Amino acid sequence: MSFSRKLEFLEKNTLLRAVRDKDSSRGRIICIEGKQLINFTSNDYLGLSSLLPLTDTIINAIETFGYGAAGSRLLSGGSILHRILEERLASLKGSERALLYSTGYAANTGSIPALTSDNDIILSDELNHASIIDGCRLSKAKTYVYTHIDVAHLTDLISVPASGKKLVITESLFSMDGDIAPLDDIYEVCRRHKAYLYIDDAHATGVLGRGKGSLEHFGLSVDRFVIQMGTLSKALGTMGGFIAATEEITDFLVNTSRSFIFSTALPAPDIAASLESLNQMEEHPELIENLTFNSSLCRGYLLEAGFSIKGGETPIIPVIFDTVEETLKISEHLYNRGIYVPAIRPPTVKKPRLRISISASHGKEDIEYLVDSMKEAVECPRQ
Ligand SMILES: *Cc1c(COP(=O)(O)O)cnc(C)c1O
């Protein structure tokens with residue numbers, strides 16, 4: 001089938017996607033095609049992406065290092081700010097070291113194949129993020145996929161004999177379902193089977209465990225078998241991914257991880273912004289408190305209104321519908337009411353849904369307006 005035929009097929013099945021770029025964004029409000037919308041789709045959980053103050057640190061970084069990094073970290077792409085940020089991240093995550101990547105995607109696709117080889121096995125949750133799946137595909141290890149958050153299934157699979165090491169990979173706060181993996185149980189399984197535990201904390205960093213992430217949330221210690229992956233691009237509102245682990249592991253990644261070695265370092269001004277963002281998170285604990293409050297408020301309203309929602313206690317709230325058509329209808333209705341919640345459809349997820357993302361910058365009235373408009377959309381016939 002030609003590309004255009006494939007596109008036509010997608011369009012016929014209401015699965016065609018298109019980019020919708022914004023004209024501007026300020027906190028919870030974005031402007032698309034001249035239209036002001038309350039944004040319920042952003043991963044900017046603490047509202048920091050557009051509200052971070054333009055501090056001297058950030059301006060100095062531009063003046064001292066320029067806009068681009070102009071090389072990979074192993075050449076001259078890094079700066080002293082990179083090292084400072086890595087120290088801050090290691091301390092946030094309670095690990096010996098942290099290593100920056102240009103994105104979370106690069107962290108997963110670069111570290112997973114570096115950490116595993118032919119004789120090893122990977123055990124991966126079926127709902128893990130595409131960047132984890134791609135990391136597993138790039139790895140020479142054999143990957144076994146276990147049923148979503150099913151510790152019994154994981155325990156079965158992990159018992160297969162392997163001559164090399166075992167690596168269990170899970171997201172902590174799942175990005176499409178908004179639920180939290182039973183990390184305490186998974187941690188125990190890994191300890192018992194002498195497996196490494198690789199936690200993708202992309203959505204948990206800055207959200208769970210007072211911002212430190214999922215291990216803190218569960219009260220688990222950062223043992224040597226634990227590898228924490230995180231991003232700066234979600235709650236911290238800037239850019240970049242990282243691995244927090246032992247010095248042995250980060251040194252190994254510096255020498256073997258292709259997306260680290262063969263890609264340009266993050267620009268120093270981005271690093272300065274991330275440092276500022278961490279300051280904001282630590283100096284303003286009310287940001288995370290507001291986020292938690294808003295999330296449970298929204299979940300409460302949705303349940304009261306009879307919507308079918310997934311996950312629990314988290315700011316990612318998937319509202320599940322029977323058909324793609326209905327999901328699109330509601331999303332369109334919300335758009336006309338000045339609310340942005342795009343529909344998430346197969347193949348990204350199995351069941352079509354509106355994925356509501358809550359932010360600390362939303363007000364109570366935003367959330368009331370959202371749920372009222374959703375009720376209205378369900379009742380009204382297609383426009
Ligand atoms: C967003 C995301 C990533 C990738 O992070 P980027 O910094 O956006 O590249 C990795 N894992 C999960 C679970 C994510 O949600």
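**Ligand shell, helix packing and two backbone details**

A polar side-chain atom of K234 sits 2.7 Å from an oxygen atom of the ligand, a polar contact, meaning a pair of N or O atoms within 3.5 Å; within protein, one must be able to donate a hydrogen and the other to accept it, and residues adjacent in sequence count only if both atoms are side-chain atoms. The protein covers 87% of the 380 Å² of accessible area that the ligand has on its own, by the Shrake-Rupley method with a 1.4 Å probe.

Before I go on: this is a predicted model, where local features need pLDDT of at least 70, side-chain atom pairs count only at pLDDT 80 or more, and totals for chains, interfaces and linings use all residues. Residues are numbered from 1 along each chain as its sequence is written, and side-chain values use heavy atoms, with hydrogens and water left out.

Back to the ligand. Two other contacts: a backbone N or O atom of G104 lies 2.8 Å from an oxygen atom of the ligand, and a polar side-chain atom of H129 lies 3.5 Å from a nitrogen atom of the ligand. Around the ligand there are 15 residues, of which G104, D200, H203, S233 and K234 come nearest; a residue counts as near if one of its heavy atoms lies within 4 Å.

What does the shell consist of, by class? There are three nonpolar, nine polar and three charged residues. Here Ala, Val, Leu, Ile, Met, Phe, Trp, Tyr, Cys and Pro count as nonpolar, Asp, Glu, Lys and Arg as charged, and the others, Gly among them, as polar. α5 (104–115) and β9 (226–231) each supply at least two residues of that shell, and the largest share, three residues, comes from α5. Helices (H or I, at least four residues) and strands (E, at least two) are DSSP runs, numbered from the N terminus.

Now helix packing. Axes are lines fitted to C-alpha atoms, for helices over the stretch in contact, and angles run from 0 to 180 degrees between N-to-C directions. Helix α14 (residues 324–336) packs on helix α15 (residues 364–379) at about 130 degrees, with axes 9 Å apart. That makes α14 oblique to α15, given that under 35 degrees is roughly parallel, over 145 roughly antiparallel, 65 to 115 roughly perpendicular and the rest oblique.

Helix α13 (residues 286–304) also packs with α15, at about 25 degrees and with axes 10 Å apart. α13 is therefore roughly parallel to α15. Elsewhere, helix α3 (residues 56–65) and helix α12 (residues 268–283) pack at about 160 degrees with axes 8 Å apart, so these helices are roughly antiparallel to each other.

Last, the backbone. Most residues other than glycine have a negative phi, and most peptide bonds are trans. The bond from P346 to P347 is cis, with omega near 5 degrees; P347 is in the loop between β13 (343–344) and β14 (353–357). R210 has phi near 50 degrees, a positive value, and belongs to the loop between β8 (196–200) and α9 (214–218).
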